[in-house]
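Q: Got a minute to go through this one with me? I'd like to start with the strands and then move to the ligand.

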Amino acid sequence: MRVVITEDAHTVASASAEIVCQQLIDQPRCVLGLATGSTPMLLYTELVRRYRAGQVSFSEAKSFNLDEYVGIDPAHHQSYRHFMQQHLFDHIDIDPVATQIPQGLAEPNIECRRYEAAIKSAGGIDLQILGLGVNGHIGFNEPTSSLVSRTRIKTLTRLTVAANARFFQPNEQQPYLALTMGIGTIMDARHVILLATGEHKAKAVKAMIEGPMCAMNPASVLQFHSTVTVVLDVAAASLLDARQYYHWAEKMRAKTVPKPFQSLA
Ligand code: GLP
């Protein structure tokens with residue numbers, strides 16, 4: 001696992017944008033796995049900026065989002081489809097039909113099977129972007145999720161519902177079910193990049209990187225993935241015991257690893 005500790009949310013966004021852009025440059029027809037939540041928003045802003053500056057194109061890429069609320073219309077302002085259009089898709093040259101998000105209004109079991117098959121027929125995910133829940137969830141794989149799970153319907157924990165309540169109006173019905181790629185689906189991605197910022201993520205970050213691997217902390221399964229890059233700000237990294245080592249390793253990597261390989265873990 002490569003652990004990159006940068007100053008703040010802005011430097012997390014630019015370091016991760018660098019990795020995403022390098023992927024698109026090396027392999028323009030790549031398949032991206034995308035995440036929602038507040039953490040990747042600055043990354044998307046940075047990708048839009050780089051696209052507008054002519055530094056990157058998404059025209060041949062495909063994308064699959066991690067999750068979507070069940071029973072929510074894609075046009076609803078809280079749907080993850082709406083989020084992605086607003087923060088990324090509407091501002092770049094990606095082909096709209098190449099952007100997939102689980103359909104929250106479809107029959108869940110059929111939709112989950114369709115989604116898995118679509119990822120497979122696209123050739124699998126080359127670069128998966130992840131955020132991190134305060135309870136260690138990735139996608140909507142809540143604690144105790146099977147570590148080999150595939151795309152399926154999940155009931156959100158009260159903690160997750162409460163954490164996401166800030167996006168909903170007080171009188172608005174907030175979904176507590178979601179369709180999410182499984183942990184096994186995420187683990188099949190060739191490269192995973194996880195972003196976490198802020199002190200409120202520090203405990204989950206510590207458990208993910210330095211804790212034991214267990215279903216109570218779904219993100220800890222990434223210890224078993226061969227190519228993971230975790231990009232943190234100083235606050236999210238504050239509880240890591242081996243922070244000095246991660247800084248040192250990055251310094252040495254910059255000196256000794258040839259540039260084209262530096263974005264790989
Ligand atoms: C949601 C999403 C996750 C995201 C998490 C953290 O539950 N399903 O993909 O990583 O929230 O969100 P935030 O980045 O807003 O802290």
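Q: Which residue in β10 does L194 stand opposite?
A: L194 faces V230 there. Keep in mind that this is a predicted model.

Q: How do β9 and β10 pair, and over how many bridges?
A: They pair in the parallel sense, over 5 bridges. Strand β9 covers residues 191–196, and strand β10 covers residues 228–233.

Q: What sheet are they in, and what's the strand order?
A: An open sheet of 7 strands, with parallel pairing. The order runs β1-β10-β9-β6-β2-β3-β5.

Q: Why do β1 and β5 each have one side without a neighbour?
A: They stand at the edges of the sheet. Each has a single partner strand, so one side of each stays without a neighbour. β1 is residues 2–6 and β5 is residues 99–100.

Q: OK, switching to the ligand. How many residues surround it?
A: There are 14 of them. The closest are S38, T39, D67, F140 and K201.

Q: What classes are in that shell?
A: It has 8 polar, 3 nonpolar and 3 charged residues.

Q: Which polar atoms come up against the ligand's oxygen atoms?
A: An N or O atom in the T39 side chain is 2.5 Å from a ligand oxygen. For R166, a polar side-chain atom lies 3.0 Å from an oxygen atom of the ligand.

Q: And how much of the ligand does the protein cover?
A: 95% of the 390 Å² of accessible area that the ligand has on its own.

Q: Which pocket does the ligand take up?
A: The largest pocket.

Definitions and conventions
Residues are numbered from 1 along each chain as its sequence is written. This is a predicted model: local features need pLDDT of at least 70, side-chain atom pairs count only at pLDDT 80 or more; totals for chains, interfaces and linings use all residues. Side-chain values use heavy atoms; hydrogens and water are left out. A residue is near a molecule or strand if one of its heavy atoms lies within 4 Å of it. A polar contact is a pair of N or O atoms within 3.5 Å; within protein, one must be able to donate a hydrogen and the other to accept it, and residues adjacent in sequence count only if both atoms are side-chain atoms. Accessible areas come from the Shrake-Rupley method with a 1.4 Å probe; for residues, only the protein chains shown count as cover. On a 1 Å grid over the protein atoms alone, a cavity is a set of points where a 1.4 Å probe fits but cannot get out, and a pocket is an open set with protein on both sides within 12 Å along at least five of seven lines; lining residues have an atom within 4 Å of a point. A molecule sits in a cavity or pocket if more than half of its atoms lie within 2 Å of its grid points. Ala, Val, Leu, Ile, Met, Phe, Trp, Tyr, Cys and Pro count as nonpolar, Asp, Glu, Lys and Arg as charged, and the others, Gly among them, as polar. Two strands pair if DSSP finds at least two bridges between them. Helices (H or I, at least four residues) and strands (E, at least two) are DSSP runs, numbered from the N terminus.
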